[in-house]
Structures are given as C-alpha cells and as structure tokens.
Amino acid sequence: MGNHPHTRATLGSKLSAVLVTAGSSVGLGNIWRFPYVAGDNGGGAFLVLYILCVLLLGLPLMIAEFSVGRATRLNAVGAFRSLDRRWSFLGYNGVLAAFLILGFYFVVSGWTAEYLVGSLSGALARCTSSAEYAEMFETFIHNPWRPVLYTTLFVLATHFVIAKGVRNGIERSAKLLMPVLFVILVVLAVHSLTMPGGGAGLRFFFRPDFSKVTPSTILVALGQAFFSLSIGIGIMVTYASYFGRETNLRHTALNVTLIDTLVAILSGVVIFPAVFSAGIEPASGPSLVFITLPSIFRDMPLSMVWSSIFFLLLVIAALTSTISLHEVVTAYLHEEWHLNRRAATWATTGATAVLGALASLSLGVLRDWTVCGLNLFDSLDFLTANIMLPAGGFFTCLFVGWRLDRAVLRREITNDGTLRFRIFGAFLFLLRYVLPVILLAIFLDNLGLF
Ligand code: PHE
C-alpha cells in the first residue's frame with residue numbers, strides 16, 4: 001500500500017547521505033542542551049559516558065534504522081508495515097512523535113530566530129545586567145504574539161525547503177548549511193579559547209568529576225545521546241529510504257555519529273570558557289543560551305558580531321533538524337494517504353504551525369491549559385523525549401534483532417554482499433539483548449520507577 005518506488009527520490013552521493021543525516025542529528029540538542037546537561041552531570045565524566053552511549057548503543061541503532069529504511073524505500077509507517085503489518089505501530093509512533101516534537105522544537109527555534117534578529121538590530125545589547133537579560137527573555141516568551149510570529153516564520157522556512165523536494169530542498173540545503181555551521185563553530189571555538197580565564201572553563205568541561213556520576217547519570221547520557229542522534233523516531237528510516245544502493249550504511253552512521261559528537265563537544269568548548277571568563281556559575285541550566293550567553297556577549301569587543309554568528313549557528317542547527325522532522329510527516333502523508341507531495345507538505349505545515357502556536361502560547365496566555373500539571377509545551381517535550389523516543393528505540397531493537405529477516409539485514413549492511421562485516425553476530429547480539437535491556441532501564445527510570 002502506498003508504495004511509489006518509481007517516483008522516489010534518491011540522494012545524489014554518499015557525501016549527501018552523511019550531510020543530510022548529520023543535519024537532522026546536529027541541532028539544538030547539541031548546542032543548547034548538551035553543554036548544560038554535561039555541566040550539571042560531572043563534566044568530563046559525563047562526556048566519557050556520553051561517548052560510550054553514542055558508540056555502543058546509538059551507532060548500532062542508527063545502522064538498524066538505516067537498514068529498515070533502505071530495504072523498504074518507504075516512509076516510516078509504510079516501511080514497518082511492509083515488513084510485518086503487526087509492527088506498523090512503530091512507524092506511527094515515529095510519525096506522531098515527529099509531529100509532536102515539531103510542536104515545541106519550532107517554538108525554541110523561533111526564539112533562536114528572534115535572538116538572531118535582536119543581535120543584528122542591536123536590541124539584544126541594550127540590557128545592562130544578567131537580571132535584565134532574564135527579564136527580557138521571560139517577557140519575550142510570555143508575549144502573546146511575538147514568539148508565535150517567529151514560530152510561524154520558522155515553520156514557513158522549513159516548509160520552503162521541504163516544498164522543493166528531497167533533492168533540491170533537503171539535499172541542497174544540507175550541502176550549503178552544514179559546512180557553514182561547521183565553520184561558524186570552529187571560529188567561535190577558537191575565539192572562546194583565546195579568552196582570558198577561559199582555561200578554567202575547559203577544565204570544568206573536560207575534567208572528570210566521578211563523584212557526580214550515579215546510575216541515573218548513565219540514563220541521562222543515553223537519553224541525551226538518542227535525542228541528539230535523532231534516533232527512535234523514524235527519521236533514520238525515512239532518510240535512509242532516499243539513500244542510494246552504493247551508500248555504505250555503517251560508514252554513514254559512523255560519520256554522522258562522529259560529527260554529532262564533535263559538534264556537541266565543540267559547543268561545550270565555545271560556551272564554558274566564555275562563561276568562566278565572565279566569572280559566572282556554569283550550571284545555569286536551560287537558560288544558559290538565552291540569558292547567560294547574551295549577557296556575556298555584551299561585554300565582548302565586537303559583541304554584535306559574536307552574538308549574531310552564535311545565534312545564526314543555532315538557527316542553522318535548528319533548521320536542518322526541523323526539516324528532517326517535517327519530512328517524516330510529509331513522506332507519510334504523501335505515501336500512505338496518497339496526497340500529492342505539495343498537499344502533504346502544506347498539511348504538515350498547517351498542522352504544525354497550529355500546534356507550534358498553541359505550544360508557544362502555553363507559556364503565556366494559555367498557561368492554565370495543563371495536562372497532568374504540565375503546560376502544552378512541557379507536555380510535548382516530556383511525552384516525546386521521555387516516552388515515545390525511548391519506546392521507539394526499544395521496539396526498533398526488538399524488531400530488527402528478532403523479527404527482521406536476517407538475510408535482509410545482512411544484505412543492507414553489506415550492500416548485497418559486496419562489503420565485509422565480520423562482527424555481524426556481535427551486532428545482532430547487541431540489538432537482541434544488550435540494547436533492549438538498557439533501553440527498558442531508561443524507560444522505567446524516566447517514569448520514575450527507580
Ligand atoms: N537531533 C536533534 C537535536 O539534537 C533533535 C531531534 C530529535 C531531531 C529527534 C529530530 C528527531 O537537536
């Protein structure tokens with residue numbers, strides 16, 4: 001059902017496969033979330049755990065998702081359904097999670113756009129103390145229309161790319177934006193390293209403090225790794241459905257994982273030396289990027305330049321991620337509901353714009369609309385990151401480890417037998433036993449069961 005292999009796009013090259021997928025993985029999770037989570041959880045010790053999670057758990061799962069996508073060349077729902085109807089729920093979980101993540105991710109992306117505009121116009125440099133920056137941020141996010149406007153602008157920017165299609169939209173934007181992102185990050189990191197007193201920031205970020213590591217730190221590291229790699233949500237299935245037959249799934253997954261980790265580490269290198277050189281407490285949580293950093297930028301020479309390129313970096317990182325989330329929903333509507341691609345793109349755009357606007361308003365005028373005590377913005381975040389993504393990852397391991405025909409898995413990983421994969425047995429063992437047990441642990445931990 002819904003299978004249009006003859007009309008399906010294929011990415012132009014192996015490099016495009018890496019850039020497009022890295023575009024999805026590298027996002028606000030790396031630049032905004034990773035540094036403060038690492039800072040709160042023991043710096044270098046967290047980094048070691050994080051890297052272990054990424055390599056031992058994230059990487060195999062990414063390869064597994066790639067295999068499902070490229071074997072079927074279908075959207076997330078169609079892919080699982082065509083392999084075994086009873087597993088279609090896994091595709092629905094992904095499409096629904098992508099839609100719900102867009103609801104709050106568009107809002108935060110909108111904030112980054114507002115701060116970029118504020119940096120360029122000089123409005124951001126007008127506050128004089130960090131208390132004023134905090135007040136400015138609070139006033140902004142509670143305003144009834146400005147954040148909604150920026151959310152909508154971000155939705156439209158994403159729409160514009162998706163409307164151009166896989167080759168001309170997604171692939172071209174990734175080829176342009178990912179190198180720009182990387183250059184900005186390196187420039188910012190070098191700048192940060194030359195700041196007086198910045199060495200203390202690096203020591204804080206890299207020196208392992210094992211006293212802060214508890215069993216739940218491992219779970220925090222794993223949750224962060226999955227969110228950051230965009231795993232467990234059908235994105236890797238959808239994107240791999242556009243990979244060519246010559247794409248090496250293992251190399252692509254390894255490159256994407258390395259890029260994603262490097263960007264997360266470099267973001268810490270950008271942020272912590274700046275924070276320490278300004279003499280500020282590092283563990284300032286989610287407000288680090290929107291309150292602490294603007295007040296630090298303000299005191300730098302050429303502050304407008306640094307602040308503008310930093311927020312441009314965030315806008316780019318967010319955009320390549322919202323593109324991937326939008327594509328999961330669009331590809332599903334196009335192939336499963338038989339809408340033409342244009343209609344599918346507009347339907348996704350319209351629905352996510354409404355959800356995004358409501359999520360944005362739920363921080364201000366609609367803050368009394370709560371589900372289990374959480375406003376809409378927080379419930380979307382909680383439901384997806386803490387329940388739907390770990391569940392998606394867990395069931396994907398079970399599906400690929402136990403249900404997917406081994407011959408299909410081997411064929412995808414070895415490109416029809418042309419590549420060698422000596423540790424296939426170990427790979428299968430990880431998927432069948434190790435990953436499901438660990439994922440179940442995160443899941444129960446997230447629900448507060450231990
Ligand atoms: N990986 C993206 C980030 O780090 C977020 C994301 C999660 C994107 C899940 C798609 C799916 O910001």
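Here are three short exercises, with worked solutions, on a predicted model of a protein with its ligand.

**Exercise 1. The surroundings of the ligand**

Task: Find which helices each supply at least two residues of the shell around the ligand, and describe the shell by class.

Solution: Start with the neighbours. The ligand is surrounded by 14 residues, and the closest are Gly29, Tyr105, Phe227, Ser228 and Ser230. Next, turn to the helices: at least two shell residues each come from helix 1 (14-25), helix 2 (28-40), helix 10 (215-229) and helix 14 (303-336). Helix 2 gives the largest share, 3 residues. Finally, sort by class: the shell has 8 polar and 6 nonpolar residues, and no charged ones.

**Exercise 2. Polar contacts and cover**

Task: Work out which part of serine 24 lies 3.4 Å from a nitrogen atom of the ligand, then look at the ligand's oxygen contacts.

Solution: Take the nitrogen first: its partner in serine 24 is a polar backbone atom. For oxygen, look to side chains. A polar side-chain atom of tyrosine 105 is 2.6 Å from a ligand oxygen, and an N or O atom in the side chain of asparagine 30 is 3.2 Å from an oxygen atom of the ligand. Now check the cover: on its own the ligand has 320 Å² of accessible area, and the protein covers 100% of that. The space that the ligand takes is the largest cavity.

**Exercise 3. An aromatic pair**

Task: Classify the aromatic pair formed by phenylalanine 290 and phenylalanine 311.

Solution: The whole structure holds 34 aromatic pairs. In this one, the centres are 6.4 Å apart and the planes meet at 25°. Planes under 30 degrees apart count as stacked, so this pair is stacked. Last, locate the rings: phenylalanine 290 is in the loop between helix 12 (249-277) and helix 13 (292-298), while phenylalanine 311 is in helix 14, 21 residues apart.

Terms used: Residues numbered from 1 in each chain as written. Predicted model: local features only at pLDDT ≥ 70, side-chain atom pairs only at ≥ 80, totals over all residues. Heavy atoms only, no water. Near = heavy atom within 4 Å. Polar contact = N/O pair within 3.5 Å; in protein donor to acceptor, adjacent residues only side chain to side chain. Areas by Shrake-Rupley, 256 points an atom, 1.4 Å probe, with all protein chains shown as cover. 1 Å grid on protein atoms, 1.4 Å probe; cavity = no way out; pocket = protein on both sides within 12 Å on 5 of 7 lines; lining within 4 Å. Sits in = over half its atoms within 2 Å of the grid points. Helix = DSSP H or I, 4+ residues; strand = E, 2+ residues; numbered from the N terminus. Nonpolar A, V, L, I, M, F, W, Y, C, P; charged D, E, K, R; others polar. Phe/Tyr/Trp six-rings, centres within 6.5 Å; stacked < 30°, edge-to-face > 60°.
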